[in-house]
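Biologist: I have a few "how do you know" questions about this model. Could you put it up so that we can go through them together?

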Amino acid sequence: MLDLLNDLIWSKLLIVMLIGLGLYFTIASRFVQFRYFGSMFRIFGEAFKRQPGQLSSFQALMLSVAGRVGAGNIAGVSVAIMLGGPGAIFWMWIVALVGMATSYFECSLAQLYKRREADGGYRGGPAFYIQHGLGQRWLGIVVSLLLLVTFGFGFNAVQSYTVASSMNDTFGVPTFVSGIVLMVVIGLIIFGGIKRIAKFADVLVPVMAFAYIGMAIFVIGSNAGAIPEAFGTIFRSAFGLEPAFAGGIGAAIIMGVKRGLFSNEAGLGSAPNVAAVAEVKHPVAQGIVQSLSVFIDTIVLCSCTALIIILSGVFEPGSDMAGVVLTQTAVAAVVGEWGRVFISVALLLFVFTTLIYNYYLGENALSFFTGKRWPVLLYRVMVIGLVMWGSVQDLGTVFGFADVTMGLLAICNLIALALLFKVGLRLMRDYDNQRKAGIETPVFDPKQFADLDLDPSVWPAKVSGHGASGATINPTTVAPR
């Protein structure tokens, strides 16, 4: 059943939707992800600033990156190469580059339609821009349920499986033992304890991310002469020109799209939940910043893993190594057995914060359609159970389950983005016009969008329709729906 659903979703629907809509968003926005690529770093100066009690734009980005960096970057890339050949990496790049535009629009819309909570914080995401942008609360509830199942259950099972298989390969720890330990730790955290561990991980994970990149640079540098051939292998395999890899171009595209979406989540509807909580002067500013996280995740980190595997020489077509084991074996072949230990420790830390991130997204989704306490308690118990379940499953079952729920969530979110694209363009043009008028830091004026269902406590009305520098802004008028 999982294979049948995955074949329908991924080989027929999502390849067209992800790449097709991503290209449409890219072209219609005049390549917004490349036009503002330099601005992503300039905005960081503004991104560090925040109101007391609010999350800054930069903090929201780091939370998003911390959640994305995990099994997808280490095990997901291995699975993509095992099942789709090295060419799958090329299609992961394509998904990421066009996905940067998709992520830009979904995060900008999440900012636009966010709501203020009773405690003064913000809440938003796909369910909110579906309800307030499209007026379809029922679809918002469906998306919230899919988000809950995908992240709270499916992705957490994948993360626990990856850690369990890694610890078993490196230290010989039985998978059920790793599952019990993860289950206890995540249980203590989500039921309100061990806050110090979470804070410790927030500091250590970025350090481990840079250490992982450093390790990759060392491995790649040690095989510098083979780099051109490695890229040649990726490109040939991507278009079915490498006979050694079974499946050809079809397998490469499907696995590249699957694992690319699993890793960078562009268009999936997860990042907007985090992007919405940031305090910014204009919704587009957060969209620009968040699109950078897609670049960091896939173009930088996933490429590091891919080159490690290809350059090490340990990968052979038809290999039956479990996903993360292939990466560990590749690193160990170049730097020695300590490299296997390094990958296990890094993965444990990455997965730890990703489990918390996944749990947060699930609880955020749950709060959209119920404020009662007992569903939250039931959700927490089920998350703990799924962490244990995932640790003792096989690779195909865990990824198959996650792929189905992820695919359905992406389809719903992409449909909503397509229907709200004119609003996204209208928002982008407002930002563009202010920049052309010489305003370095554009400010959102809700009077220019009075026809939309926005929260006035989030976007209070300005005195005039002028921008921050006094220049008159004439945004292009486009129908909101």
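Biologist: Happily, here we go: why is Cys302 not counted as bonded to Cys304?

Modeller: This is a predicted model, and in it the sulfur of Cys302 lies 9.1 Å from the closest cysteine sulfur, that of Cys304. A disulfide needs the two sulfur atoms within 2.5 Å, so 9.1 Å is too far for a bond. Seen from Cys304, the closest cysteine sulfur is that of Cys302, again at 9.1 Å. The count by this rule is zero disulfides.

Biologist: And what makes you call Cys302 buried?

Modeller: Buried means under 20% relative accessible area. Cys302 has 3%, so it is buried, and Cys304 has 9%, so that residue is buried too.

Biologist: Fair enough! Turning to α17, how do you know that its span agrees with its number of residues?

Modeller: With 1.5 Å a residue, the 19 residues of α17 should span 27 Å. The end C-alpha atoms are 28 Å apart, so the two agree.

Biologist: Which helix packs against α17, and at what angle?

Modeller: That is α8, residues 137-171, at about 35°, with the axes 7 Å apart. Their crossing is right-handed. Among the residues in contact are Phe153 and Tyr161 of α8, and Tyr379, Val383 and Leu386 of α17.

Biologist: What classes of residue make up the contact of α8 with α17?

Modeller: There are eleven nonpolar residues, five polar ones and no charged ones. As for burial, the buried residues of α17 include Tyr379, Val383 and Leu386, and also Arg380.

Key:
Residues numbered from 1 in each chain as written. Predicted model: local features only at pLDDT ≥ 70, side-chain atom pairs only at ≥ 80, totals over all residues. Heavy atoms only, no water. Axes fitted to C-alpha atoms, helices over the stretch in contact; angles between N-to-C directions. Helix = DSSP H or I, 4+ residues; strand = E, 2+ residues; numbered from the N terminus. Left-handed = near helix turned anticlockwise from the far one by under 90°. Contact = heavy atoms within 4.5 Å. Nonpolar A, V, L, I, M, F, W, Y, C, P; charged D, E, K, R; others polar. Buried < 20%, exposed > 50% of the residue type's maximum accessible area, 1.4 Å probe, protein only. Expected span 1.5 Å × (residues − 1).
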